[in-house]
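The following note comments on a protein model and is arranged as numbered points. Please read each point with the structure in view.

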Amino acid sequence: MSTRILIVEDEEALTLLLRYNLEAEGFVVDSASRGDEADLRLQEQVPDLVLLDWMMPGLSGIELCRRIRARRETERLPVIMLTARGEEGDRIRGLGTGADDYIVKPFSVPELLARVRALLRRAKPAHVANLLIAGNIELDRVSHRIRRQGREIHLGPTEFKLLEFLMQSPGRVFSREQLLDGVWGHDVYIDERTVDVHVGRLRKAINRPRQSDPIRTVRGSGYSFDEMFSTDE
């Protein structure tokens with residue numbers, strides 16, 4: 001089954017350029033020129049990845065990204081934000097809203113295609129793989145065992161689910177609210193600071209002295225599993 005990509009972009013020339021190059025790579029491409037139109041499309045059919053422009057008529061890219069993350073059907077949908085805003089604060093805001101990647105216009109089409117392929121490699125296998133591997137950490141979903149450099153790590157059920165949730169989307173920043181929904185569930189009321197407590201316990205369990213910490217704190221946004229994490233120094 002072909003991988004489907006939705007382009008949400010109001011510049012027709014850029015949409016045509018992206019469509020041409022993505023279809024040449026074998027992707028099936030849909031497009032929407034308004035944010036509200038894209039919102040309806042996403043409710044009808046969920047693609048495998050969204051290329052989302054920040055400034056859109058009808059509904060902004062930021063608001064659409066928030067809605068994507070708020071729905072159970074699309075909460076893990078890979079999103080790359082396209083924008084002319086290159087300032088650090090704007091990048092942090094875009095990633096904090098839930099975008100998985102962020103590319104500033106004008107951009108190189110080969111670079112965008114490489115980012116699309118990389119994000120799909122990370123996102124697609126994560127939902128079906130029984131074994132998640134990042135650097136020297138292995139998480140076995142079937143046996144509920146975790147090893148780091150061959151050393152078995154014992155985690156409580158909540159810390160296990162938290163690590164699994166983060167490892168499924170390396171590099172993506174999750175807010176405390178998103179982590180509560182993803183790990184504890186939508187219908188459970190728990191104070192957001194509970195996330196900090198369990199992240200602290202998780203770090204204590206998986207990290208020994210002088211080992212690099214794969215859990216990254218993004219000030220003002222939340223936590224992520226560091227996509228640059230590989231092995232210990």
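1. Helix α3 lies across three strands, namely β1, β3 and β4 (79-83), and runs at about 175° to β4. The model is a predicted one, and the points below should be read accordingly.

2. The sheet beneath this helix deserves attention next. Five strands form an open sheet in the order β2-β1-β3-β4-β5, and their pairing is parallel. The edges are occupied by β2 (28-32) and β5; each has a single partner strand, so one side of each is left without a neighbour in the sheet. From one strand to the next, the twist averages 20°.

3. Within this parallel sheet, strand β1 (residues 4-8) pairs with β3 over 4 bridges. One residue pair may be located by eye: Ile7 has Leu51, in β3, as its bridge partner. A further helix, α2 (residues 35-44), lies across β1, β2 and β3, and its direction makes about 135° with β2.

4. Which strands make up the antiparallel sheet, and in what order? The open sheet of 4 strands has the order β6-β7-β8-β9, with antiparallel pairing. Its edge strands are β6 (131-134) and β9 (151-153), each with a single partner strand, so one side of each lacks a neighbour in the sheet. Here the twist averages 20° from one strand to the next.

5. Strand β8 (residues 145-148) and β9 run antiparallel and are joined by 3 bridges. Ile146 has Ile153, in β9, as its bridge partner. Helix α6 (residues 157-167) packs on this sheet, where it touches β6, β7 (137-140) and β8; the direction of α6 makes about 110° with that of β7.

6. A separate antiparallel pairing involves strand β10 (residues 215-218) and strand β11 (residues 222-225), which are joined by 4 bridges. Val218 stands opposite Gly222 in β11. The two strands, β10 and β11, form a hairpin with 3 residues between them, and Gly220 in the turn has a positive phi of about 80°.

7. Two details of the backbone should be noted. Most residues other than glycine have a negative phi, and most peptide bonds are trans. Gln149, which is not a glycine, has a positive phi near 55°; this residue lies in the loop between β8 and β9. Lys105 and Pro106 are joined by a cis peptide bond, with omega about -10°, and Pro106 lies in the loop between β5 and α5 (109-126).

8. The structure holds 2 aromatic pairs. In the pair of Trp54 and Tyr102, the ring centres are 6.4 Å apart and the planes stand at 85°, so the pair is edge-to-face. Trp54 lies in the loop between β3 (49-53) and α3 (61-70), whereas Tyr102 lies in strand β5 (residues 101-104); the pair therefore ties together parts that are 48 residues apart in sequence.

9. How many cavities of 30 Å³ or more does the structure hold? There is 1, and the volume of the largest cavity is about 110 Å³. Its lining comprises 12 residues, of which Arg76, Asp100, Ala123, Gln168 and Ser169 are the closest to the centre. By class, the residues of this lining divide into 5 nonpolar, 3 polar and 4 charged.

Methods. Residues are numbered from 1 along each chain as its sequence is written. This is a predicted model: local features need pLDDT of at least 70, side-chain atom pairs count only at pLDDT 80 or more; totals for chains, interfaces and linings use all residues. Side-chain values use heavy atoms; hydrogens and water are left out. On a 1 Å grid over the protein atoms alone, a cavity is a set of points where a 1.4 Å probe fits but cannot get out, and a pocket is an open set with protein on both sides within 12 Å along at least five of seven lines; lining residues have an atom within 4 Å of a point. Grid points are joined across faces, edges and corners, and a volume is the space filled by probe spheres set on the points. Ala, Val, Leu, Ile, Met, Phe, Trp, Tyr, Cys and Pro count as nonpolar, Asp, Glu, Lys and Arg as charged, and the others, Gly among them, as polar. Two strands pair if DSSP finds at least two bridges between them. Axes are lines fitted to C-alpha atoms, for helices over the stretch in contact, and angles run from 0 to 180 degrees between N-to-C directions. Contact means heavy atoms within 4.5 Å. Rings of Phe, Tyr and Trp (its six-membered ring) pair if their centres lie within 6.5 Å; planes under 30 degrees apart count as stacked, over 60 as edge-to-face and the rest as tilted.
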